[in-house]
Amino acid sequence: MSKQDLKRQWEIMKKTFCIDGNFSEVNADYEDFNLVLQLVQQHGAGQLIIDLALDAIWHELRQKIVPEFWQHFKTYNNQKQDGDEETSEGSVEVMSRVASAVSELYDGAVSFLPLIHRCEMLCEKSGAKYEDCVHGGLMEHFKLHLRATLHSQMHPSFTYLLHKFYSAAFKVFYHAEVGNQAEEADESTDEVIQCGGCDAATDACHCQAITNTFCQVNRQLLELDLLERLAGDIISSLLLAVINQHVTATCRDSYDQSRINQLEKWVENVVVGWLEMVYCGGRGQLQSAEPEIQNMVSNNLNHTYMSALYHTYTTTRIDQLFNIVIEYPESQPALDDIRECLDRTHLRDRLVESLRSAIQTRLLHPGVNTTDVLHAYISTIKALRVLDRKGVLLELVSEPVRQYLRGREDTVRYIVTSLTDESSSELSEELLVAAPLVLDDSHSEDDNMDNWETWTPDPVHAHSLKSKSQRTADIISMLVNIYGSKDVFITEYRTILADRILSQFSYDTEREIRYLEHLKVRFGETVTLLHKCEVMVKDVADSKRINSIIHSDENRHRSKQKFPVSSMILSAQFWPSFKEERLHLPEEVTKELETYTEAFQDLKGNRTLNWKPHLGQVQLEVELKGRTLNLTVTPTQATIIYHFQDRSRWSINELSAVTQVPKTILRRKITYWQTQGVLQEVEPDIFILVEGEETGEEGIVAVAGAAQPDIAPQAIEEDEAESVMASAQDQREEELQVFWSYIVGMLTNLDCLPLERIHSMLKMFVQGSVECSPQELRAFLDRKVRQHHLLFANGLYKLPKN
C-alpha cells in the first residue's frame, strides 16, 4: 500500500474520531463507519485511536467547554466589583445567567455523545481499553473527567451565584405553597401590588419563568451527573437554614402548644416538595422517578432534614428552657415536645449546662427574693420530671439551687410558712397528699419488676448521683433534703406555730390541729418535736378551760378583780424560747396578775405561773378632752400611757427608769402614741400628753383590762407585728451556752488552749444533740472575748485573772 493511501486512510480515521481536535463535524453520520472500524482493525490501531480520541476530548473540555462555562461567573464577579451588582442584580437576571452557563455546558457535553458512542464501538470491536479504574463504561469515564475539570477551574463567585439561584427558586416555590394561601385568607385587605415570590409587580410576575428555568437547569445538571456535585451542598444548606428560620419563628415565646407534629408535617411538605422540584422537575413526580432518586430523597429527608428539625427545635427550646420551666404547667406541651426530641438527639448535656447557667445568672443572686427562688425551684422539679421521670436531669440541674437555698437564712421559714398557708399554695396542696417523707439514703430500692418488659436502664450520669429514692421523691421531700434533716423544719414549724398562737390570741386551734396531723403523716409520729407541737396546741385548749373557770362565779377571788385578766398558760419545757424584754408593770396591774395566780394555784394545787409581762395585748379606753379612744395595744405601750395619767410630761430617761425598758425600745414604742395624736415630743426626748388639739392638763387614762383572747385585736403598727419568739440566732446562742461550763473547766485546768484543741475536746466530752462547727465555735468564743469573759493572744484562749 502506498504512502498516499496510508495518509488518506489516516485522515479518514482522524476525521471520524476527531483526533485533530476539529469537533465541528462530530455529529455527522458516517455511513461507512463499519469500514473505518475495519480499517482501524486492519492496521491494529484501535488502542492508539482510543487514546488519541480521548485526549482530544479532554483537551476540548479543558481549553474550551469548561472555561466558557466559568466565563459567565467571571463576568459576574467583574460587574460586582465595578458596580455593586451583588445587590442590584435581580432574581430573573441571576436565573438567566446560571441557565445560560449550564445550557452551554450541557450542549457542549452532549455534542461529544456521538464520538463517545463511536469510541465505545471501537473498544468493543478492537478490544482497546481505556483506564481500568473507571467503572460504568466510557460515558461514566467522560462524566468523571468533566467533573474533575470543572472543579479544577472553579471560580470563587460560582458558589455565591448558585446560592442566589437556588434561593430565588425556593422563594418562588415557597410563595406558591404558603404565600398564596395567606393571600387568599387576606382577600379583604388592600390588593397585593407585589408578588411575594419574585418581588415583581403582580401584573409582571416572573414566577413561572423562574420555575421553568430552574427545572431546566436541574434536569441538565442531573443528566450530566453534576447536580449533586455542584449544588448538593447548596441545596442542603439552604433547606437547613429555612428549617432553622421556620422553627425559630414558630417557637418564639410560645410554650402552651405542641409544635413538633406541626413542624414535622411542614418539613415533609416543604422539603419533599422542594426536592421533587429539584430532582424530578415538579411536585408529585417522586413516585414515578428512578429508584435511586427516590432513595436519595427519602434518606435526605429522614437522616438530614428531620434530624436537623429535631436538633434545631431542641436547641431553640433549650435556649428558652428557663422561661419554660418558670411558666410550668402552662408550658407542659413544650416540655412534652422536648422530651420526645431528646430521645432523638444527643443534647442532654447541653440542656443541663444551659439550664444551670440560666439559673445561676437569672435566679441565684441577692436581687431575687427567697420566695421567687423557691417558686422557681418547685417549678424546676415539676418541669424536669416531665422531661426525665428518673430524676437524673433534675439532680444534675438542681444542686446549685439547693446549695444556694441552704445559705439563705429565711429559706426554712418560708417553706414552713407555705406548708401551713391558709390560702391555696403549691406546698400546702402538696402537704394534703398523704405520702410519707423520703429522705436521702445510701441504698435505693430495687426497681419494680412488674413492668419489666418496658424497663429501661438509668442514663449514663445516674451512677454518680444520689439514691434513686431521693431523685424520685416528692416536692416536700426534695425541699427537706436541702438540709438533709427533718428536725430543722420541725423546729422552724414549732417557732411559727408558737408565734401564730401568741399573735392571734385566739383559742380556735382547729386549723393548727389539721396541719399538725398532715405533718405527722409526712414527717412521722415518732418525731419528738412534733410531740412538743401537740403539747403546745393542747396548752391552748387547757388555757381556754382554765380561763373560763377562773372567770366563773365559783372563783372565790373574782370579787377582788378590778378588771378581767385572761392568760395563755404555756408548758415552758415544750415551747421554744421567747424574746426577752424587761418591763415593770404598774402596781395596779401587778396585783391583778397576782390575783389571777392565786386562783390558778387554787385550781392546780402545787403549780404556779411565771408571767411574761412584755407579751400579750391590752384593751384600753383612753379618755381625753373631747374624744375617747378604744385601742388594743401591747403591754409596753399600755404601761407608757398609764404613767401619763399621773404626770403629763415625761422624759425618755424618766420613763426608762420607771418602766425598766431600754431607751431605744421605749422611743420606738412611744411612736405609736405619737401617731394616735396622744403624745407629742416638745423637746428632744421630752414628751407631753395632748388633750384634743392643745397641750395642757393631764388626761384621764383608764385601764379597761387585758384583751379577751376571743376578741379580735385592732390593727397595730407594722413595727409591733414582729415575732414574740426569740430569733434563730438567739436560740442558737442559748444552745451554745451548754459548752460554756465545759470550756471554763478546760481553761481552768489547762490554762490556755487553741481553738482546734477546744473543739476536739468538746466533741469528745460533750455528747448531745447540740453540734458546733469550728467556725461557729470561733464566733462564740470571740463574743466571750468582747464580753471580757475570755482573753485571746497568740492564737490561744484563756480565762482572765480575777
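**Local environments and overall organisation of the predicted model**

Glutamate 330 is placed in the loop that connects α13 (321-326) with α14 (332-342). The model described here is predicted. With a relative accessible area of 53%, glutamate 330 is classed as exposed, because the threshold for that class is over 50%. When residues up to four places away in sequence are set aside, glutamate 330 touches Tyr255 and Asp256. The second of these contacts links positions 74 residues apart along the chain, and the C-alpha atoms of glutamate 330 and aspartate 256 are separated by 5.6 Å.

Aspartate 337 belongs to helix α14. In contrast to the exposed glutamate 330, aspartate 337 is buried, yet it has no salt bridge. The nearest side chain of opposite charge is that of arginine 317, at 5.4 Å; a salt bridge is therefore not assigned, since the criterion requires a side-chain nitrogen within 4 Å of a carboxyl oxygen. Beyond residues up to four places away in sequence, the contacts of aspartate 337 are with Gln257, Ser258, Arg259, Ile260 and Tyr313.

A nonpolar patch on the surface is formed by Val738, Tyr742, Met764 and Phe765, which together present about 420 Å² of accessible area. Two helices, α29 (728-750) and α30 (755-765), each contribute at least two residues to this patch. Phenylalanine 765 is located in helix α30 and counts as exposed, at 51% relative accessibility.

The cysteine residues were also examined for disulfides, of which the structure holds zero. For cysteine 205, the closest cysteine sulfur is that of cysteine 207, at 3.3 Å, which is too far for a bond, because a disulfide requires sulfur atoms within 2.5 Å. Cysteine 205 is partly exposed, its relative accessible area being 39%.

At the level of the whole protein, the secondary structure comprises 31 helices and ten strands. Of the 802 residues, 45% are buried. The protein exposes about 41,800 Å², with carbon and sulfur atoms supplying 48% of this area. Contacts between residues at least 6 apart in sequence join residues at least 24 apart in 73% of cases.

How values were computed:
Residues numbered from 1 in each chain as written. Predicted model: local features only at pLDDT ≥ 70, side-chain atom pairs only at ≥ 80, totals over all residues. Heavy atoms only, no water. Helix = DSSP H or I, 4+ residues; strand = E, 2+ residues; numbered from the N terminus. Buried < 20%, exposed > 50% of the residue type's maximum accessible area, 1.4 Å probe, protein only. Contact = heavy atoms within 4.5 Å. Areas by Shrake-Rupley, 256 points an atom, 1.4 Å probe, with all protein chains shown as cover. Lys, Arg positive; Asp, Glu negative; His and termini not counted. Patch = residues over 30% accessible without salt bridge, like charges linked within 9 Å, V, L, I, M, F, W, Y side chains within 5 Å.
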